[in-house]
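Open the model in your viewer and keep the sequence panel in sight. This tour moves from one selection to the next.

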Amino acid sequence: EIRRDQLSHNIRTTQFHGASGLVQMDPVTGDRLAGEIPVVITNLQPIERPDGSVGLSSETIWQWKGADQTLERVSTLPPVWPGGERQWEQPPLDVACEGSLVFS
């Protein structure tokens, strides 16, 4: 027989190493703690191929570290924003892109 209170306690106190790192639950709410969840922010950047054509490369720009709540810049290349601007500052607003898409 499974008791609801015992099941809840077991879920809230469990921890294990999963595909994304250490998995732990908040003992009060039962939510997953964000401390070990890796967040990697990538940016598609144009690259010139040996034949002269242009392709895209996925560049890791930032990493979020939940344990200490920090965002670390891990690239020396600034991100490319819609419209083609390459900069570290806040992205430009309302930039029209090919195909009439607007990012705001």
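Strands here are DSSP runs of E, at least two residues long, numbered from the N terminus. With that in mind, select D31: this residue sits in the loop between β2 (21-24) and β3. Note that you are looking at a predicted model.

**Stop 1: the loop at D31**

Show the neighbours of D31. Leaving out residues up to four places away in sequence, D31 touches Q24, M25 and D26. Now add R12. R12 and D31 are 19 residues apart along the chain, and their C-alpha atoms are separated by 8.0 Å.

**Stop 2: the whole chain**

Zoom out and colour by secondary structure. You should find one helix and seven strands. Along the sequence the order is α-β-β-β-β-β-β-β. Switch on the surface. The chain exposes about 8000 Å², and carbon and sulfur atoms supply 53% of that area. How many of the 104 residues count as buried? The share is 16%. Contacts can be sorted by sequence distance too. Among those with a separation of 6 or more, 16% come from residues 24 or more positions apart.

**Stop 3: the N-terminal end and the helix**

Select R3 and D5 and show their side chains. The two meet in a salt bridge, 3.2 Å from N to O. Side chains of opposite charge can pair when their charged atoms come close. The count of salt bridges comes to one. Are R3 and D5 buried, partly exposed or exposed? R3 has a relative accessibility of 46% and D5 has 48%, so both fall between the 20% and 50% cut-offs and count as partly exposed.

Next, select I2, L7 and I11. Together they make a nonpolar surface patch of about 310 Å². I11 belongs to helix α1, residues 4-13. Its relative accessible area is 43%, so I11 is partly exposed.

**Stop 4: the hairpin of β3 and β4**

Move to β3 (residues 38-48) and β4 (residues 54-65). The two strands run antiparallel, joined by 11 bridges. Pick I41 to see one pairing: its bridge partner in β4 is W62. Then follow the chain to the turn. The hairpin has five residues between β3 and β4, and G52 in the turn has a positive phi of about 90 degrees.

**Stop 5: Q45**

Stay on β3 and select Q45, which lies in this strand. Is Q45 buried or exposed? Its relative accessible area is 3%, under the 20% cut-off, so Q45 is buried.

What does the side chain of Q45 reach? It makes a polar contact with the side chain of N43 at 3.0 Å. The side chain of Q45 also reaches the backbone oxygen of P78, again at 3.0 Å. Now expand the selection to residues in contact with Q45, skipping neighbours within four places in sequence. The list includes G55, L56, S57, E59 and I61. L77, P78, P79, V80 and R86 are on it as well.

**Stop 6: from β4 to β5**

Follow β4 onward to strand β5, residues 70-73. Four bridges join these antiparallel strands. Select Q63 and look across: E72 in β5 stands opposite. Finish at the turn. The hairpin of β4 and β5 has four residues between the strands, and Q69 takes a positive phi near 55 degrees.

How values were computed
Residues numbered from 1 in each chain as written. Predicted model: local features only at pLDDT ≥ 70, side-chain atom pairs only at ≥ 80, totals over all residues. Heavy atoms only, no water. Buried < 20%, exposed > 50% of the residue type's maximum accessible area, 1.4 Å probe, protein only. Contact = heavy atoms within 4.5 Å. Areas by Shrake-Rupley, 256 points an atom, 1.4 Å probe, with all protein chains shown as cover. Patch = residues over 30% accessible without salt bridge, like charges linked within 9 Å, V, L, I, M, F, W, Y side chains within 5 Å. Salt bridge = Lys/Arg side-chain N within 4 Å of Asp/Glu carboxyl O. Polar contact = N/O pair within 3.5 Å; in protein donor to acceptor, adjacent residues only side chain to side chain. Pairing = 2+ DSSP bridges.
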